[in-house]
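Work through the exercises below with the sequence and the 3D structure in view. Each task is followed by a solution in steps.

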Amino acid sequence: MLPLQDRVALVTGASRGIGAALAVELARLGAQLVLIARTQGGLEETDDAIRAVSGRGATLLPLDLHRDAEKQLDLVGPSILERFGRLDVLVHNAGVLNKLTPVAHIEPKDWAQTVGVNLTAAWRLIRSCDPPLRASDAGRAVFVTTGRVLRPKSYWGMYGATKAGMEHLVLTWAEEVAKTPLRVNLFDPDVVATKLRAQAMPGEDAAKLTQPAEVAPALAALCLPGETRHGERVVYSSSP
(Lines give C-alpha, C1' and ligand atoms only; values in the text may rest on other atoms or scores of the structure.)
Protein backbone atom coordinates (compact mmCIF):
# COMPACT_ATOMS: atom_id res chain seq x y z
CA MET A 1 0.00 0.00 0.00
CA LEU A 2 1.18 3.52 -0.76
CA PRO A 3 2.42 5.50 2.28
CA LEU A 4 -0.32 8.13 1.95
CA GLN A 5 -3.03 5.86 0.58
CA ASP A 6 -6.39 7.69 0.92
CA ARG A 7 -4.88 10.28 3.26
CA VAL A 8 -6.34 13.78 2.83
CA ALA A 9 -3.80 16.53 2.12
CA LEU A 10 -4.37 20.29 1.82
CA VAL A 11 -1.73 22.32 -0.04
CA THR A 12 -1.73 26.10 -0.51
CA GLY A 13 0.04 27.85 -3.36
CA ALA A 14 -0.56 24.75 -5.45
CA SER A 15 -0.89 26.30 -8.90
CA ARG A 16 2.84 26.36 -9.66
CA GLY A 17 6.36 25.98 -8.27
CA ILE A 18 6.94 24.06 -5.06
CA GLY A 19 3.25 23.78 -4.24
CA ALA A 20 2.37 22.18 -7.57
CA ALA A 21 5.36 19.83 -7.45
CA LEU A 22 4.49 18.81 -3.90
CA ALA A 23 0.86 18.16 -4.81
CA VAL A 24 1.94 15.78 -7.57
CA GLU A 25 4.39 14.04 -5.23
CA LEU A 26 1.73 13.59 -2.52
CA ALA A 27 -0.68 12.22 -5.12
CA ARG A 28 2.00 9.78 -6.27
CA LEU A 29 2.23 8.60 -2.66
CA GLY A 30 -1.52 7.98 -2.59
CA ALA A 31 -2.98 11.15 -1.07
CA GLN A 32 -6.33 12.71 -1.91
CA LEU A 33 -5.54 16.38 -2.60
CA VAL A 34 -7.33 19.59 -1.70
CA LEU A 35 -5.58 22.46 -3.46
CA ILE A 36 -5.68 26.22 -2.85
CA ALA A 37 -4.32 28.94 -5.15
CA ARG A 38 -5.48 32.21 -6.63
CA THR A 39 -5.79 31.07 -10.24
CA GLN A 40 -8.29 28.50 -11.49
CA GLY A 41 -6.20 27.82 -14.59
CA GLY A 42 -3.08 27.07 -12.58
CA LEU A 43 -4.99 24.74 -10.28
CA GLU A 44 -6.40 22.89 -13.28
CA GLU A 45 -2.89 22.38 -14.66
CA THR A 46 -1.81 20.88 -11.33
CA ASP A 47 -4.95 18.74 -11.32
CA ASP A 48 -4.05 17.39 -14.78
CA ALA A 49 -0.59 16.43 -13.49
CA ILE A 50 -2.14 14.75 -10.45
CA ARG A 51 -4.53 12.74 -12.63
CA ALA A 52 -1.57 11.59 -14.72
CA VAL A 53 0.18 10.01 -11.72
CA SER A 54 -2.79 8.89 -9.62
CA GLY A 55 -5.76 8.44 -11.91
CA ARG A 56 -7.99 10.71 -9.83
CA GLY A 57 -8.48 14.44 -9.53
CA ALA A 58 -8.11 16.89 -6.69
CA THR A 59 -10.57 19.21 -4.97
CA LEU A 60 -9.77 22.70 -6.28
CA LEU A 61 -10.34 25.82 -4.18
CA PRO A 62 -9.47 29.00 -6.12
CA LEU A 63 -9.20 31.76 -3.52
CA ASP A 64 -6.97 34.63 -2.47
CA LEU A 65 -5.52 33.94 0.98
CA HIS A 66 -5.59 37.66 1.79
CA ARG A 67 -8.77 39.02 0.19
CA ASP A 68 -10.92 35.90 0.70
CA ALA A 69 -9.72 35.11 4.23
CA GLU A 70 -12.87 35.62 6.26
CA LYS A 71 -15.43 34.53 3.68
CA GLN A 72 -13.67 31.42 2.38
CA LEU A 73 -10.39 30.51 4.07
CA ASP A 74 -11.92 30.22 7.53
CA LEU A 75 -14.41 27.67 6.18
CA VAL A 76 -11.80 25.33 4.68
CA GLY A 77 -11.12 23.31 7.85
CA PRO A 78 -14.78 22.78 8.78
CA SER A 79 -15.62 21.88 5.17
CA ILE A 80 -12.84 19.27 5.04
CA LEU A 81 -13.97 17.85 8.37
CA GLU A 82 -17.53 17.59 7.11
CA ARG A 83 -16.59 15.98 3.80
CA PHE A 84 -13.69 13.71 4.78
CA GLY A 85 -13.99 13.41 8.57
CA ARG A 86 -10.36 14.44 9.09
CA LEU A 87 -7.33 16.17 7.57
CA ASP A 88 -4.09 14.20 7.50
CA VAL A 89 -1.72 16.71 5.91
CA LEU A 90 -1.58 20.51 5.81
CA VAL A 91 1.17 22.28 3.86
CA HIS A 92 1.11 26.07 3.78
CA ASN A 93 3.39 26.81 0.86
CA ALA A 94 1.79 30.00 -0.50
CA GLY A 95 3.78 33.17 -0.04
CA VAL A 96 4.23 36.61 -1.57
CA LEU A 97 7.40 38.67 -1.92
CA ASN A 98 5.82 41.94 -3.01
CA LYS A 99 8.31 44.79 -3.45
CA LEU A 100 11.94 44.72 -2.34
CA THR A 101 12.21 48.14 -0.73
CA PRO A 102 13.79 49.93 2.24
CA VAL A 103 11.80 49.41 5.44
CA ALA A 104 11.10 53.14 5.64
CA HIS A 105 9.52 53.03 2.16
CA ILE A 106 7.14 50.09 2.65
CA GLU A 107 3.63 51.05 1.49
CA PRO A 108 0.68 50.17 3.77
CA LYS A 109 -1.15 48.24 1.02
CA ASP A 110 1.94 46.13 0.27
CA TRP A 111 2.47 45.49 3.97
CA ALA A 112 -1.16 44.42 4.42
CA GLN A 113 -1.02 41.95 1.54
CA THR A 114 2.32 40.45 2.57
CA VAL A 115 1.27 40.07 6.19
CA GLY A 116 -2.06 38.69 5.01
CA VAL A 117 -0.60 35.86 2.94
CA ASN A 118 2.64 35.06 4.76
CA LEU A 119 1.49 35.43 8.36
CA THR A 120 -2.24 35.94 8.87
CA ALA A 121 -3.16 33.12 6.48
CA ALA A 122 -0.92 30.80 8.50
CA TRP A 123 -2.83 31.71 11.66
CA ARG A 124 -6.18 31.28 9.92
CA LEU A 125 -5.14 27.88 8.58
CA ILE A 126 -3.99 26.74 12.02
CA ARG A 127 -7.23 27.98 13.56
CA SER A 128 -9.36 26.38 10.86
CA CYS A 129 -7.47 23.12 10.40
CA ASP A 130 -6.47 22.26 13.97
CA PRO A 131 -9.71 20.27 14.61
CA PRO A 132 -9.58 18.12 11.44
CA LEU A 133 -5.83 17.55 11.89
CA ARG A 134 -6.43 16.35 15.44
CA ALA A 135 -9.12 14.01 14.07
CA SER A 136 -6.39 12.18 12.12
CA ASP A 137 -4.37 9.41 13.74
CA ALA A 138 -1.21 10.94 12.22
CA GLY A 139 -1.83 14.59 11.37
CA ARG A 140 1.11 16.38 9.75
CA ALA A 141 1.46 20.15 9.24
CA VAL A 142 4.35 21.79 7.38
CA PHE A 143 4.87 25.51 6.77
CA VAL A 144 7.29 26.62 4.08
CA THR A 145 9.70 29.32 5.26
CA THR A 146 12.89 31.03 4.09
CA GLY A 147 16.50 31.42 5.14
CA ARG A 148 15.99 35.19 5.02
CA VAL A 149 14.46 34.88 8.50
CA LEU A 150 17.89 33.98 9.88
CA ARG A 151 19.86 36.22 7.53
CA PRO A 152 18.28 39.70 7.31
CA LYS A 153 19.25 41.63 4.19
CA SER A 154 18.64 45.15 2.93
CA TYR A 155 15.27 45.60 1.18
CA TRP A 156 13.97 42.18 2.26
CA GLY A 157 12.49 43.41 5.56
CA MET A 158 8.81 43.01 4.70
CA TYR A 159 9.18 39.45 3.42
CA GLY A 160 11.60 38.37 6.15
CA ALA A 161 9.55 39.88 8.98
CA THR A 162 6.33 38.18 7.93
CA LYS A 163 8.04 34.81 7.55
CA ALA A 164 9.74 35.27 10.93
CA GLY A 165 6.37 35.92 12.50
CA MET A 166 5.00 32.81 10.83
CA GLU A 167 7.86 30.71 12.15
CA HIS A 168 7.26 31.89 15.72
CA LEU A 169 3.54 31.21 15.44
CA VAL A 170 4.05 27.72 14.00
CA LEU A 171 6.68 26.68 16.55
CA THR A 172 4.46 27.92 19.37
CA TRP A 173 1.62 25.79 18.01
CA ALA A 174 4.03 22.85 17.81
CA GLU A 175 4.73 23.23 21.54
CA GLU A 176 1.02 23.29 22.27
CA VAL A 177 0.28 20.04 20.39
CA ALA A 178 3.44 18.18 21.39
CA LYS A 179 1.51 15.60 23.42
CA THR A 180 -0.85 14.75 20.55
CA PRO A 181 -0.21 12.61 17.43
CA LEU A 182 0.01 15.82 15.37
CA ARG A 183 3.51 16.66 14.13
CA VAL A 184 4.26 20.26 13.09
CA ASN A 185 7.40 21.46 11.30
CA LEU A 186 8.91 24.23 9.20
CA PHE A 187 10.56 23.58 5.84
CA ASP A 188 13.15 25.86 4.23
CA PRO A 189 13.66 24.84 0.57
CA ASP A 190 16.67 27.15 0.22
CA VAL A 191 17.15 28.62 -3.29
CA VAL A 192 14.65 27.15 -5.77
CA ALA A 193 13.63 28.19 -9.29
CA THR A 194 10.21 29.65 -8.48
CA LYS A 195 8.27 32.70 -9.65
CA LEU A 196 9.02 34.40 -6.33
CA ARG A 197 12.75 33.84 -6.83
CA ALA A 198 12.56 35.19 -10.39
CA GLN A 199 10.76 38.26 -9.11
CA ALA A 200 13.57 38.92 -6.64
CA MET A 201 16.43 38.00 -8.98
CA PRO A 202 15.21 38.68 -12.54
CA GLY A 203 18.64 38.30 -14.15
CA GLU A 204 19.35 34.89 -12.65
CA ASP A 205 19.55 31.74 -14.78
CA ALA A 206 16.73 29.63 -13.36
CA ALA A 207 18.02 26.54 -15.14
CA LYS A 208 21.05 26.51 -12.83
CA LEU A 209 18.93 26.53 -9.67
CA THR A 210 17.33 23.65 -7.78
CA GLN A 211 13.98 22.85 -9.39
CA PRO A 212 10.68 22.48 -7.47
CA ALA A 213 10.40 18.79 -8.38
CA GLU A 214 13.78 18.15 -6.74
CA VAL A 215 12.63 19.66 -3.45
CA ALA A 216 9.19 18.03 -3.38
CA PRO A 217 10.24 14.57 -2.05
CA ALA A 218 12.01 16.09 0.99
CA LEU A 219 8.97 18.20 1.78
CA ALA A 220 6.64 15.25 1.25
CA ALA A 221 8.70 13.18 3.70
CA LEU A 222 7.57 15.51 6.50
CA CYS A 223 3.97 14.64 5.63
CA LEU A 224 4.25 10.86 6.06
CA PRO A 225 2.50 9.07 8.94
CA GLY A 226 5.81 7.62 10.11
CA GLU A 227 7.52 11.02 10.37
CA THR A 228 8.63 11.71 13.95
CA ARG A 229 10.26 15.13 13.63
CA HIS A 230 8.34 17.82 15.47
CA GLY A 231 8.87 21.52 16.08
CA GLU A 232 11.88 21.53 13.79
CA ARG A 233 13.15 23.85 11.09
CA VAL A 234 14.15 21.47 8.30
CA VAL A 235 16.42 22.93 5.61
CA TYR A 236 16.60 21.26 2.22
CA SER A 237 19.98 20.07 1.06
CA SER A 238 20.78 18.53 -2.29
CA SER A 239 23.75 16.71 -0.73
CA PRO A 240 23.23 12.98 -0.05
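**Exercise 1. Determine how far strand E5 is enclosed by the rest of the structure.**

Solution. The model is predicted. Step one: locate strand E5, which covers residues 140-144. Step two: apply the cut-off, by which a residue is buried under 20% relative accessible area. Five of the five residues of E5 are buried, so the strand is largely enclosed by the rest of the structure. Step three: sort the side chains by direction. Arg140, Val142 and Val144 point one way from E5, while Ala141 and Phe143 point the other way. Residues on both sides are buried.

**Exercise 2. Find the strands that pair with E5 and give the sense of the pairing.**

Solution. Strands of a sheet pair through backbone hydrogen bonds, either parallel or antiparallel. Step one: take strand E4, residues 89-92, which pairs with E5 in the parallel sense over four bridges. In E5, Ala141 stands opposite Leu90. Step two: take strand E6, residues 183-188, which runs parallel to E5 and is joined to it by five bridges. Here Arg140 stands opposite Arg183 of E6.

**Exercise 3. Trace the β-α-β units that include E5 and state their handedness.**

Solution. Step one: E4, helix H4 (residues 108-134) and E5 make one unit, and it is right-handed. Step two: E5, helix H5 (residues 157-176) and E6 make a right-handed β-α-β unit as well.

**Exercise 4. Place the strands in the sheet and identify its edges.**

Solution. Step one: write down the order, E3-E2-E1-E4-E5-E6-E7, for an open sheet of seven strands with parallel pairing. Step two: look at the ends of this order. Strand E3 (59-62) and strand E7 (233-235) stand at the edges with a single partner strand each, so one side of each has no neighbour in the sheet. Step three: add the turn between neighbouring strands, which is 20 degrees on average, direction ignored.

**Exercise 5. Describe how helix H1 is placed against the sheet and against helix H7.**

Solution. Step one: H1 lies across strand E1 (8-12), strand E2 (32-37) and E4, and runs at about 170 degrees to E1. Step two: H1 (residues 17-28) packs against H7 (residues 212-221) at an angle of about 55 degrees, and their axes are 8 Å apart. The two helices are therefore oblique to each other. Step three: the crossing of H1 past H7 is right-handed. Step four: list contact residues. Among them are Ile18, Leu22 and Leu26 of H1 and Pro212, Ala216 and Leu219 of H7.

Technical notes
Residues are numbered from 1 along each chain as its sequence is written. This is a predicted model: local features need pLDDT of at least 70, side-chain atom pairs count only at pLDDT 80 or more; totals for chains, interfaces and linings use all residues. Side-chain values use heavy atoms; hydrogens and water are left out. Buried means under 20% relative accessible area, exposed over 50%, partly exposed in between (1.4 Å probe, protein chains only). Two strands pair if DSSP finds at least two bridges between them. A crossover is right-handed if, with the strands pointing away from the viewer, the path from the first strand over the helix to the second runs clockwise. Axes are lines fitted to C-alpha atoms, for helices over the stretch in contact, and angles run from 0 to 180 degrees between N-to-C directions. Angles under 35 degrees count as roughly parallel, over 145 as roughly antiparallel, 65 to 115 as roughly perpendicular and the rest as oblique. A crossing is left-handed if the near helix is turned anticlockwise from the far one by less than a right angle, and right-handed if clockwise. Contact means heavy atoms within 4.5 Å.
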